[in-house]
Amino acid sequence: MRDPRVRKIVLFLAALAVCELPAPLVDNNYILQVLFRIALFAALGLAWNLVGGYAGQLSLGHVAFFGLGAYGLAILAAHSVPVWIAVLLAALLATLVAAVIGKIVFRLRGPYFTLATIACGEVLRLTATNLTITNGAIGLTMPAVFTGPWVWKFYYVSAVALATVCFLVNFWTANSRFGFYLMAIREDEDTASAVGVDTANYKLRSLLLSAFLTGLGGALYGSAFQFIVPDSVLNIDVSIQMAIIAMLGGAGTLLGPIVGAVLLLSTSEIFKTQFQESHLLIYGVLIVLVVLFLPEGIVGSLEQRLRHRRNVIQKPATAAPAVSAPEKGR
Amino acid sequence: MTQFLQACMNGLLTGALYALIGMGLALIFGVMRIVNFAHGAFLMVGMYVTFLLFDRLKINPYLGFIGAGIFLFAFGYLVYKLLIQPIRDRSDFMQILMTTGIALILVDSAQLTFGADYRQTNIALINSAAHFGPFTLNSASLLSFAIAAVFIIGLREFVVRSRTGQALRAIAQNRDVAPLMGINVIRIQGISFALGIAFAGIAGGLLLPALYLFPSVGEDYTLKAFVIVVLGGMGSIEGAAIGGLALGVAESLTSTYIGNQWALAIDFVLFLLMLSLKPSGIFGSQRA
């Protein structure tokens, strides 16, 4: 137990076990559904974190991959492809489209990049609304990945499993050369490129990884709710949610998206009963507050404070400056 | 040929309103380097203000839009002071998030206050048409075109000739040197933000009679505004005016020859093409 690595693994497994606890214990389908959504959006936030957090590219078009996952599964399953293979193929389809989208959008920076990602998502939404294969605005019925009386338990467990995979990918990114390159791009793209980082290539790789995971999430989400229309699974609100979840918790941190998902979805669940259609209001207020007062997100700010304190204790004479924010004044 | 010209004319009439929207966004971007993702939401607020003036006080929308402009100027200034000024030196990332947050708050507040119902101002003018030889133009669109033209020229003259306009251009050219020349950057930025928002409000008021009103009506216009501004070269006010007209024509031609439902798709296709081929805009010379 003294080896920090062993301690981390034990901690991770314990946390995972706690996350899986509701599956055998809770029988209420409504609660399981809420928990499923929290776990799924934690996974989506973590997937977004690869591009938006580590590589620092503010994508508001991730709904494209989410929607492709859902639509891919629906269409493939309708052509009698076995469900689980269809899920995988749908996620691969999302990855493939991500390669095309990445080629277009990564030539751009800052606001142009964000706008282009939004446009890509919207083009897909309009296409799905107008094509016959997607059944237009009427939408498609999704194949059930799970059946039986325990469906929601299974969906919840699989969402947690997906979140775990996303977490491990994030963990690997945070500690690998790949991740260091991404963070170098985030801090200063020109310098990163000048010291030999193939910035276009690494940004694209982070997007492909992120799109694959997001596609899986989309397929799972669509299957759980049985029916999809362009305005549900290709709605820009999904992109915004993914970004806010990561930002609220702390973009570019490991635990941030998880904290963000728990906080955001549980508050929106509470407000949903009060505000009904207007539950996004709370998202707006949270974004504004986070930008004004917690630009590093909740986990990011805590980490910063901890690191600061540790530095002060180690070198009382020269208190180290706070870790530099990933932004430059302009 | 007649059909083609007719489509072009219809496009120009809508395009004038797009020009107003785009100019507002270009003004804000040029002076503040802030990309306003809430532009369509402000336009929606302008529509509701005009609608309320019509519904409660029976003021015709073609007069009521002035009220929307004045209200949004004040509202825009307030938003600038409270939410934009504190983050004016932050990264793009934070500014985009902030304006996205503002948009969500505006749209959902409207939903909370007015509900999701579709509303409409039934004024007679919208159903009357004017005939010019083989061409037929909607009278309401002609009127809004004329009003928009006045504001487009007015804004251009203001920016080129007035002292505030000069200060505004100085900041757009060089934000570091402008304050050394005795320009109060914060004040001027506040004014240009408010003015940009007011233009969105005016456009909203003028659009109202031709559209159904609901809280998320502005969403498409945020994206349209970006397309316009990118077409015209980011931050150039004249460019945005021409970009607006061009977009109007492009949409009109698309719905005439390809199909109505693809009119919005052409916006994004144009946008992505423009960004990947010539990001500095049709007339832009400097790199975006």
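Guide: Welcome! Two residues count as in contact here if their C-beta atoms, placed from the backbone, lie within 7 Å. The model in front of you is predicted, and that contact rule will help us with helix 5 of chain B.

Visitor: What covers the buried residues of helix 5 of chain B?
Guide: Among the covering elements are helix 1 (2–32), strand 2 (135–138), helix 6 (163–173), helix 7 and helix 9 (237–257) of chain B. The buried residues of helix 5 include Phe145(B), Phe151(B), Ile152(B) and Leu155(B), along with Ser141(B) and Ser144(B).

Visitor: How do you know what span is expected for helix 5 of chain B?
Guide: Helix 5 takes in residues 139–161, which makes 23 residues. The expected span is 1.5 Å times one less than the number of residues, and for helix 5 that comes to 33 Å. From first C-alpha to last, helix 5 reaches 33 Å, close to the expected value.

Visitor: Why does Ala203(B) count as buried?
Guide: A residue needs 20 or more other C-beta atoms within 10 Å of its own to be called buried. Ala203(B) has 33 such neighbours, so it counts as buried. You will find Ala203(B) in helix 7 (residues 185–207) of chain B.

Visitor: Which residues is Ala203(B) in contact with, leaving aside its neighbours within four places in sequence?
Guide: They are Leu17(B), Leu20(B), Ile21(B) and Leu43(B). Also, Ala203(B) and Ala19(B) are 184 residues apart in sequence, while their C-alpha atoms are 8.9 Å apart in space.

Visitor: And Met98(B): buried or exposed?
Guide: Buried, because 24 other C-beta atoms lie within 10 Å, set against the cut-off of 20. Met98(B) sits in helix 4 of chain B. Beyond residues up to four places away in sequence, Met98(B) touches Leu83(B) and Ile87(B) of chain B, plus Val288(A) and Val291(A) of chain A. For Met98(B) and Ile123(B), a sequence separation of 25 residues goes with 37 Å in space, C-alpha to C-alpha.

Visitor: How many residues of chain B are in contact with chain A?
Guide: Chain B brings 38 residues, which are in contact with 35 residues of chain A. On the chain B side, helix 4 (92–114), helix 8 (219–232) and helix 10 (263–277) each supply at least two residues. Helix 4 gives the most, with 15 residues. By class, this side of chain B has 26 nonpolar, seven polar and five charged residues.

Visitor: Now for each chain as a whole. What secondary structure is there in chain B?
Guide: Chain B has 10 helices and two strands, following the pattern α-α-α-α-β-β-α-α-α-α-α-α along the sequence.

Visitor: Why is chain B called as compact as a globular protein of that length?
Guide: The globule rule gives 19 Å for 288 residues, and the radius of gyration of chain B is 18 Å, close to that value, so chain B is as compact as a globular protein of that length. Of those 288 residues, 55% count as buried.

Visitor: And what makes chain A as compact as a globular protein of that length?
Guide: Chain A comes to 15 helices and two strands. Its radius of gyration is 20 Å, close to the 20 Å that the globule rule gives for 330 residues, so chain A earns that description. Buried residues make up 49% of chain A, and its C-alpha trace spans about 65 × 50 × 40 Å along the principal axes.

Key
Residues numbered from 1 in each chain as written. Chains lettered and ligands numbered in written order. Predicted model: local features only at pLDDT ≥ 70, side-chain atom pairs only at ≥ 80, totals over all residues. Helix = DSSP H or I, 4+ residues; strand = E, 2+ residues; numbered from the N terminus. Buried ≥ 20, exposed ≤ 12 C-beta atoms within 10 Å, placed from the backbone. Rg over C-alpha atoms; globule rule 2.2 N^0.38 Å. Nonpolar A, V, L, I, M, F, W, Y, C, P; charged D, E, K, R; others polar.
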